[in-house]
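Okay, thanks everyone, let's get going. I'll put the structure up and walk you through a few places I'd like you to look at.

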Amino acid sequence: MARPSKLKVDRRGFLKGAGAAGAAALTVPGVVAGAGAASPPAPATATPLSPEQAAQRLAAETAPLDEEANPLTVTDPGSDFMVDVLKTLDFEYIISNPGSSFRGLHESFINHGGNKSPEWLTCTHEQAAVNIANGYYAVAGKPMAMITFAPSGLQHATMGIFGAFSGRTPTYLLCANIADGEARRPAFDWGPHAMQDPADMVRDMLKWDDAPGSLQHFAESAVRAYKLAMTEPRGPVMLVVDGALQENAIADRSKLRIPRLTLTTPPAGDAAAVAEAARMLVAAESPLVFAGNVARDEEGMRLLVELAETLQAPVQGGGRAMPNQHPLSGGGNVRSADVILALNEDGLFGRLNRYVDQQVRGSTSLVTPTAKVISITSYDLSTRGNYQNVERFQEVNLAIAGDPQTTLPGLIDACKRLITPDRRRAFEERGKALAAASAQAVERARVEASYGWDASPITLQRLSAEVWDVVRGKDWASVGGGVNRLWTVDAFYRTMGAVNGGGIGGSMSIAIGAALAHRKHGRLCVRFQPDGDMLYVNSALWTATHHRIPMLFVMQNNRAYHQEVMHLQRMANRRQRGMALAARGLPGSMLTDPNIDFAQMARSMGAYAEGPISNPKDLRPALLRAVERVEKGEVALLDTITQPR
Amino acid sequence: MSQRMAAWLVIAAALAVGEGLATAKQQVTAQQPPAAPAGNAEKGKTLFVERACWQCHGLAAQGGGAAGARLAGRVAPWPAFSRYVRRPTEEMIPYTVKVLPDQDLADIYTWLRSIPPPPAVATIPQLAPRR
């Protein structure tokens, strides 16, 4: 289509007009307004300025500014004080994907804070940043700070925040915002950089938030946020940090004070209720303990073992709270239990009821009518209504609000006081039977792992056994997946506990954060990495290589979102039209054609990588080569092709 | 171990025990359970994949943890096996005759019973008891 001739411009004419427009844009607005107040605006293709006009504009542009009214530098910006405040909270790291709304804080952390305590970590996506912080907490036991901006960065971060909420992780979030319209740059600082109330976007997932309007307010809220995040039950907090407050000079530093942080001691259960729980447990013939997110540290694990041994009671769940090879770990069952003790158990209804996912859904209780259920949980002390992470309501006979780890010493003492010689003999007999059953379970697991041993794709059981055989003699730590009954989990730090990424796509970043916390201890970190999860925010791998976080990724690459494959098959079979579904390749769930080269992806980000490996006989030599690289401080990835389950 | 996994193992154990009992009874009584229709193991292996059994039970029928019990080495007698496939009482995906005709199921059954035993645990160093 021919263009109208009036739109035609030659290059010389275009540049001439653009130059004039540029010169006009450089003029001081006040001068222009004064000079042309009675005249219509000059057209973009105006004639060149007269010598007088040019001289006038040059004088206006180069005249000295009033230093007091228009300072061009600042010696004591508000963000320096903010960094001073945050340094008192003992953060090792702060992580972000950069954003101009917190440019003031970013510069202060680097130059004023010296990029130490906290050290700034570079991340390529906000979701990954929050999840790295979530994973770090799971091992370090203290929060990592994460900074982003409203609204765009915060929107990216939401799934990680949901993970922190679900896993009760005290991730410390800072969200920059430019509240004052006068302080915003045109365009950029309005739509993508400013909100009225940024925390509103994620408030349902936060334990607490604030938007300080002054530096003193920031200091107090920063300390309060940390304190509340770390109070049981823990959870993520967020401070909205104003852009102008970061960049403006501190009016009077002598008037600012940083409050002292005093963490709140966790609450223990009511003593009378604990005594009643002890009475029920000691009298029980077949007690069963469900351990959810009980232990915060090695002491929590030691206490749970002491309770189990005191009662000779089996403990299920909570792989992190109980050494998995302990003879009381994993035994017992609900149907035969007469007293059930649930400790910070998120999914108690699911534990105590049988649910069947058939066309007519339903659940039936597994608990015998005469059995008693005791709950000791801090989760009743902090709830949110919008996100339905509480499962169905489970009836219990005795509900004790309190932190389990803090309550355990009192419960153990109360039990010990009630144990008579007769009960002790009965406990010992029960313990022997449970120990025998536990030994048999381990042997069964060994036999189960032998089935499909030489199959290709590799079975998950063989993959796990091969990795265990390589790491068992080292100071290893699992940063996600793969650990089973054949491994020896003999310390709190060996596994990860109840850390949550908010769904598929979070666990790889969580693993990187956990490995970062393990780094200073020199532990060999292993992550069993599903392919579907890695495809969400795989650029987090670069954060691991960039910051020299040594770890081994062993892929569980089944080339599908296989859980959804099974769900589709279930739907098709119910509707009696599933005959050829699997053979057709299940559109929407398969990750084939082309197959994804994860080794090449990892190498592109600086990791050592091998694969795809589909012959189980190739596993061990590849694992030995990869572990050698990790022990030298590198990130290594083996793309192992596995069976789905 | 989750309750769901425990339930699966109970089923698997019951089926395995049932198989053992059936074998014993075959030797001493005239009342034998109905035999499985004749099947083609090679075709059954293909159908095990095409009809998606492997998705939960694994390509070698080695079991998929909580998703599906091991079938290799412990297939129930045909009556219990076929009844459960048609009308499972737990989590298993139901397979009607329309989705999986009797002959196809018999082929799969024949293949499952033909799977050779795995190597002995004692011969696998990676599965040696913890040191």
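So let's start at Arg335(A), which sits in the loop between strand 8 (315-316) and strand 9 (339-343) of chain A. Before I go on, keep in mind that this is a predicted model. Is Arg335(A) buried or exposed? Somewhere in between: it has 16 C-beta neighbours inside 10 Å, and a residue needs 20 or more to be buried and 12 or fewer to be exposed, so Arg335(A) counts as partly exposed.

Which residues does Arg335(A) touch, if we leave aside neighbours within four places in sequence? Those would be Leu366(A) and Thr368(A). Take Thr368(A): along the chain it is 33 residues from Arg335(A), and the two C-alpha atoms are separated by 6.2 Å.

Okay, zooming out to chain A as a whole. We have 22 helices and 18 strands here, and the C-alpha atoms fill a box of roughly 110 × 65 × 50 Å along the principal axes. Of the 645 residues in chain A, 47% are buried. And if you take the contacts in chain A with a separation of 6 or more, 81% of them are between residues 24 or more positions apart.

Now the inside. In soluble globular proteins, nonpolar side chains tend to be buried together. The largest nonpolar core here has 163 residues, and the ones with the most contacts inside it are Met146(A), Leu304(A), Ile340(A) and Met551(A). Which helix gives this core its largest share? That's helix 6 of chain A, residues 126-140, with nine residues. Have a look at Ile340(A) too: not counting residues up to four places away in sequence, it touches Leu288(A), Phe290(A), Val334(A), Val367(A), Ala371(A), Val373(A) and Ile374(A). There's also a second, separate core of 34 residues, and among its members are Met566(A), Leu568(A), Leu586(A) and, from the other chain, Ala69(B).

Let's stay with helix 6 of chain A for a minute and see how it packs on helix 16 (residues 507-519) of chain A. Their axes come within 6 Å and cross at roughly 45°. That angle is neither under 35 degrees nor in the 65 to 115 range, so helix 6 and helix 16 of chain A are oblique to each other. The crossing of these two helices is right-handed. On the helix 6 side of chain A, the residues in the contact include Ala128(A), Ile132(A), Gly135(A) and Val139(A), and on the helix 16 side they include Ile510(A), Gly513(A), Ala514(A) and Ala517(A). What is the make-up of that contact? It divides into 13 nonpolar residues, six polar and no charged.

Here's another helix pair: helix 4 (residues 78-87) and helix 8 (residues 215-230) of chain A. They pack at an angle of about 20°, with their axes 10 Å apart. That makes helix 4 roughly parallel to helix 8 in chain A, and their crossing is right-handed. Gly78(A), Phe81(A), Met82(A), Val85(A) and Leu86(A) from helix 4 of chain A meet Leu215(A), Phe218(A), Ala219(A) and Ala222(A) from helix 8 of chain A. By type, this contact has eight nonpolar residues, one polar and no charged.

Right, a few backbone oddities. Where are the cis peptide bonds I'd like you to look at? One runs from Ser117(A) to Pro118(A), with omega near 10°, and Pro118(A) is in the loop between helix 5 (103-112) and strand 2 (119-122) of chain A. Another joins Glu232(A) and Pro233(A), with omega about -10°; Pro233(A) lies in the loop between helix 8 and strand 6 (237-242) of chain A.

Then there's positive phi outside glycine. Asp90(A) has phi near 65°, in the loop between helix 4 and strand 1 (93-96) of chain A, and with 12 other C-beta atoms within 10 Å, Asp90(A) is exposed. Glu391(A) has a phi of about 60° and belongs to the loop between strand 12 (372-377) and strand 13 (398-401) of chain A. Glu391(A) has 14 other C-beta atoms within 10 Å and is partly exposed.

Last stop, the interface. The contact takes 37 residues from chain A and 36 from chain B. On the chain A side, the elements that each supply at least two residues are strand 10 (353-356), helix 14 (421-450), helix 15 (460-471), helix 19 (562-574) and helix 20 (581-584). That side divides into 16 nonpolar, 12 polar and nine charged residues. Okay, that's my tour.

Definitions and conventions:
Residues are numbered from 1 along each chain as its sequence is written. Chains are lettered from A and ligands numbered from 1 in the order in which they are written. This is a predicted model: local features need pLDDT of at least 70, side-chain atom pairs count only at pLDDT 80 or more; totals for chains, interfaces and linings use all residues. Two residues are in contact if their C-beta atoms, placed from the backbone, lie within 7 Å. Helices (H or I, at least four residues) and strands (E, at least two) are DSSP runs, numbered from the N terminus. Ala, Val, Leu, Ile, Met, Phe, Trp, Tyr, Cys and Pro count as nonpolar, Asp, Glu, Lys and Arg as charged, and the others, Gly among them, as polar. A nonpolar core is a set of buried Ala, Val, Leu, Ile, Met, Phe, Trp, Tyr and Cys residues joined through C-beta atoms within 7 Å. Axes are lines fitted to C-alpha atoms, for helices over the stretch in contact, and angles run from 0 to 180 degrees between N-to-C directions. Angles under 35 degrees count as roughly parallel, over 145 as roughly antiparallel, 65 to 115 as roughly perpendicular and the rest as oblique. A crossing is left-handed if the near helix is turned anticlockwise from the far one by less than a right angle, and right-handed if clockwise.
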